[in-house]
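Hi there,

Here is the structure I promised to pass on. Have a look at it first, and my notes on what turned up follow below.

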Amino acid sequence: MTIATGPPLPTYHTPVVLARRFLTGGVVGTSPAALVVGGIVENVPLLVTGLVLPAVYGLLFFLAGTPRRAREAAVVPRTALATIESLEAVRGDPSDIPVRFELTVAPDDGPAYRVEITQDINLVDLSDYRPRGVVVVQYPPDRPWRVRIVKRPTPEWEGRAASARVDSAPGTVRVAAPPEDRAFGFVALLGLLLGAVVVVLLFRVDLFDRDDTTKWLSAAPPPVSSPSSTTVVTSVSATVELGSGQSFLDKGELDRTVSSLTRGGGARQALTVVVQEHLLSIVFSPTDRQTPGFDLRALPYDRFPALVEEATNTLGVHSPRTWQITADRLTGSLAIRVVVTGAEGTASLEAEGQGKVVRRMPAR
């Protein structure tokens, strides 16, 4: 991050952050690998590990960040005036809508600077915000890019905003969250690859030396390939990989894919479903064991794009790099979890079987 004037801002390139990115990448790589390998070799503990690992890591990640959040909450925010350079509604909603603001912030004790933020504004109050209008904002002293518009300022600040005029700051004094060094992306990718490789190596004997491997492959439909996707189905799992330029968030893509997998096979019970940008992984419930499966056709696939959009737009991850949807019935009822990782950290939300969000965990 650069600022034309003013004191230097703190750096976040620390070994602790590198280690955290490595662990996050390791969990993201290990979990799907454990689900797929566990389904192929019919190893229930490995399947459970693949399902539980992201939840446990998310909980530990949340608890580890508690002291930092407490320190940040103890910092008294600064109050300042700001002028609205431009605003744009991100998407429509019956009540509150996310609005992207371009602001010039003018602190009383420092130089003015530009910043871009996204904040939910009630549809009734949207007319109160106009280009060149002056508003009251607050931000942490050590993180001036985390600006929030104060919707109900004190009478003193409300009076100042009504009579003040704030000149626009040039674009060269724009403030933004510190960009991550390439090392951060590299260690996250390294962790992801190592996590997947470790699972495969640990169970390589079960994967490649099983006597019934030939029986599975001969009984299963042959791999289906097309210019846009590749599908591999066995008696215990299914994997569908889309080609470049496609996404499972495209309208109707998931429904079409699942319909092709279940065509002629009745109501196949799934143990877990994992969806990523270009990859769909399904582990079917073993027919000879009592496992908490669910009808593969029962998931609200039409709600998946909206869940990912909510996780990326409202939980503090403004620059999402990866996302993953996991559906299972480990807790007894069907649960859908969305995990989004970006420069700001990892955020997640959980929805019930119909796609209604019941829990949110913002990035901090």
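The second largest pocket has a lining of 37 residues, and those lying nearest its centre are Pro54, Arg337, Val338, Val339 and Ser348. Please keep in mind as you read that this is a predicted model. The space in this pocket comes to about 870 Å³.

Which elements build the lining? At least two residues each come from α1 (15-41), α2 (44-64), β13 (320-328), β14 (335-342), β15 (345-352) and β16 (357-361). Helix α2 gives the largest share, with eight residues. Sorted by class, the lining of the second largest pocket holds 19 nonpolar, twelve polar and six charged residues.

You may also like the nonpolar patch on the surface. Val44, Val48, Val52, Val56, Leu59, Leu60, Phe62, Leu63 and Leu330 make up this patch, which covers about 690 Å². One of its members, Phe62, sits in helix α2. Phe62 has a relative accessible area of 35%, so it counts as partly exposed.

Now to the charged pairs. How many salt bridges does a search of the whole structure find? The count is 13, and three of the pairs are described here.

In one of them, the side chain of Arg100 meets that of Glu88, at 3.7 Å from N to O. Arg100 belongs to strand β2 (residues 96-106) and Glu88 to strand β1 (residues 78-89), so this salt bridge ties together parts that are twelve residues apart in sequence. Both ends are partly exposed: Arg100 has a relative accessibility of 31%, and Glu88 has a relative accessible area of 48%.

Another salt bridge joins the side chains of Arg297 and Asp295, at 3.5 Å from N to O. Arg297 is partly exposed at 47% relative accessibility, and Asp295 is partly exposed at 23%.

Then there is Glu310, which forms a salt bridge with Arg360; their closest N and O atoms are 2.7 Å apart. Because Glu310 lies in helix α9 (residues 304-314) and Arg360 in strand β16, this pair ties together parts that are 50 residues apart in sequence. Is Glu310 buried or exposed? Its relative accessible area is 16%, and buried means under 20%, so Glu310 is buried. Its partner Arg360 is partly exposed, with a relative accessible area of 46%.

Finally, Glu88, Arg100 and Glu116 are joined into one network by salt bridges that share partners.

Happy to talk it over whenever suits you.

Best wishes

Terms used
Residues are numbered from 1 along each chain as its sequence is written. This is a predicted model: local features need pLDDT of at least 70, side-chain atom pairs count only at pLDDT 80 or more; totals for chains, interfaces and linings use all residues. Side-chain values use heavy atoms; hydrogens and water are left out. On a 1 Å grid over the protein atoms alone, a cavity is a set of points where a 1.4 Å probe fits but cannot get out, and a pocket is an open set with protein on both sides within 12 Å along at least five of seven lines; lining residues have an atom within 4 Å of a point. Grid points are joined across faces, edges and corners, and a volume is the space filled by probe spheres set on the points. Helices (H or I, at least four residues) and strands (E, at least two) are DSSP runs, numbered from the N terminus. Ala, Val, Leu, Ile, Met, Phe, Trp, Tyr, Cys and Pro count as nonpolar, Asp, Glu, Lys and Arg as charged, and the others, Gly among them, as polar. Patches are made of residues with over 30% relative accessible area and no salt bridge: like charges are joined within 9 Å, nonpolar side chains (Val, Leu, Ile, Met, Phe, Trp, Tyr) within 5 Å. Accessible areas come from the Shrake-Rupley method with a 1.4 Å probe; for residues, only the protein chains shown count as cover. A salt bridge is a side-chain nitrogen of Lys or Arg within 4 Å of a carboxyl oxygen of Asp or Glu. Buried means under 20% relative accessible area, exposed over 50%, partly exposed in between (1.4 Å probe, protein chains only).
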